[in-house]
Amino acid sequence: MNLFLYRQNRQYFGYLSAICLAMLFLLLFSGCLDLVRSRDLILLREKQMVSALLAEGLTPAQIAAVCSGTEVTEDGKMLLLQMGHSEHTSPLYFPLIRSAAVSHMFQKAAAGAVFGAVVLFLAAWYMGKLDRLYAKATELVEHYAEGDFTEHLPMGDQQGTICRLFASIDQLSRALKVQYESERASREFLKNIISDISHQLKTPLAALNLYTDIIAGEPDHPDTVRAFSEKSMQSLLRMEDLIQSLLKIVRLDAGNILFEKERIPVRELVLRAAECLRARAEQEGKQIQVEGDPEECLWCDPVWTAEAAGNLLKNALDHTEEGGVIRIFWEHSPVMMRLSVADNGCGILPEELHHIFKRFYRSSRSSDRQGVGLGLPLARAIMEGQGGTLTVRSVPGEGTVFSMNFM
């Protein structure tokens, strides 16, 4: 039975069984004592009768014959009835029986009282123990409702209905803890995102405000209006790029992106990523070279992977001087496909390598360059979302290589 799987239940019923067994032995012992008392009563009555008969002058032989007789006659019954001794006579009218009965009743009452007291004490102890356990469970449930999950019900490896109930409560507390921490992390993430957006939008908004004042104050100078209109457009484009990148990162972090993987030639993917950046590269006097087996294919989400590759290519253009070369190449090994973007730009200092994937991080060599510091974090989030990795190797003054590793 499930009732006996709980250790405290087993202890309680074990104690009750021991007490009942002791009471059974006590009753058996009391029965033996009753037999001895009955014998003593009969012997006492026989002594009284023999003494009375001797006093009346009967011989010992006659008395022995009387005491050994077993026949019940009508005359004997009538005589006893005349003396008031019959089946309807109350036992209390027999002095010997009355005194023995009083003594016996007191003994039985005392034994019953002791037995009842022990059972009640044991029941009170057990109920008190359960009450303390339930009170502890209630206290912990209240703590769980307040978000405090530091304590758990001390049930160990026991079994039984109560233990299963407490195990379910403990399992529920773990689920609530995960949900609570997830909600707290979401609130913290939302707060950080709002803080990041407001911080990053301050500069372009301030610039737009300044450019608007200049344009409004110089209506008769077309060159000035044109120049600051272009600056305003650049600030707007920067704001749009910032907001779009932030929205993509938020969607990736929230798990709202479902990557739709398909088999696509690597060269096609690379050309798609570099398509909109070739004009910029030509305008800045930089070269983009594509190297690799044109027949090699990749299993990935082409849209998001092209986004990640484009961000790496854009980062390479940002950190490469005029005349620089950006190489996009790929290679296949037995364990992975590696797509790399290499440049011969300024490189990354060793102490900054651990920070480049942080949001809005700008290295000491990026103060005069484009970008808001979201391209690399977005590229890494895209790769990790597809089960891949993004690694970097860099030598200051010689260049940097970012590798997208597909398992």
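**From a salt bridge to a central sheet**

Arg272 and Glu268 form a salt bridge, and their closest N and O atoms are 3.5 Å apart. This is a predicted model. Both residues sit in helix 7, which covers residues 266-274. They are 4 residues apart there, so about one helical turn separates them. How accessible is Arg272? Its relative accessibility is 37%, so Arg272 counts as partly exposed. Glu268 is partly exposed too, at 41%.

The structure holds 6 salt bridges. Another one joins Glu284 to Arg280, with the closest N and O atoms 2.9 Å apart. Here the two partners fall on opposite sides of a cut-off. Buried means under 20% relative accessible area. Arg280 has 16%, so it counts as buried. Glu284 has 22%, so it counts as partly exposed. This pair also belongs to a network of salt bridges, which links Arg280, Glu284, Lys286 and Asp318.

Now step back to the whole protein. It has 10 helices and 7 strands. Of its 407 residues, 30% are buried. The protein exposes about 25,900 Å², and carbon and sulfur atoms supply 60% of that area. Take the contacts between residues at least 6 apart in sequence: 69% of them join residues at least 24 apart.

Next comes the sheet. Strands of a sheet pair through backbone hydrogen bonds, either parallel or antiparallel. In this protein, 5 strands form an open sheet with mixed pairing, in the order 2-4-5-7-6. Which strands lie at the edges? They are strand 2 (287-291) and strand 6 (389-395), and each pairs on one side only. Neighbouring strands of the sheet are turned by 15° against each other on average, direction ignored.

Follow the sheet from strand 4 (residues 325-332). Strand 4 runs antiparallel to strand 5 (residues 337-343), and 7 bridges join them. One bridge pairs Glu331 with Arg338 of strand 5. The side chains of Glu331 and Arg338 also meet, in a salt bridge of 3.6 Å from N to O. Glu331 has a relative accessible area of 41%, so it is partly exposed. Arg338 is also partly exposed, with 27%.

Strand 5 then pairs with strand 7, antiparallel, over 7 bridges. Asp343 has Thr400 of strand 7 as its bridge partner. On to the edge: strand 6 and strand 7 are antiparallel as well, again over 7 bridges. Val395 is matched with Gly399 of strand 7. Strands 6 and 7 form a hairpin with 3 residues between them. In the turn, Gly397 has a positive phi of about 85°.

Is strand 7 enclosed or open to its surroundings? Because 8 of its 8 residues are buried, strand 7 is largely enclosed by the rest of the structure. Gly399, Val401, Ser403 and Asn405 point one way from the strand. Thr400, Phe402, Met404 and Phe406 point the other way, and all are buried. Helix 9 (residues 302-318) lies across strand 2, strand 4, strand 5, strand 6 and strand 7. It runs at about 175° to strand 7.

End with a residue in helix 10 (residues 375-385): Ile382. Its relative accessible area is 0%, so Ile382 is buried. What does Ile382 touch, leaving out residues up to four places away in sequence? The residues are Leu252, Phe259, Trp304, Thr305, Glu307 and Ala308. Ile382 and Asp253 are 129 residues apart in sequence, with 9.8 Å from C-alpha to C-alpha.

Technical notes:
Residues numbered from 1 in each chain as written. Predicted model: local features only at pLDDT ≥ 70, side-chain atom pairs only at ≥ 80, totals over all residues. Heavy atoms only, no water. Helix = DSSP H or I, 4+ residues; strand = E, 2+ residues; numbered from the N terminus. Buried < 20%, exposed > 50% of the residue type's maximum accessible area, 1.4 Å probe, protein only. Contact = heavy atoms within 4.5 Å. Areas by Shrake-Rupley, 256 points an atom, 1.4 Å probe, with all protein chains shown as cover. Pairing = 2+ DSSP bridges. Axes fitted to C-alpha atoms, helices over the stretch in contact; angles between N-to-C directions. Salt bridge = Lys/Arg side-chain N within 4 Å of Asp/Glu carboxyl O.
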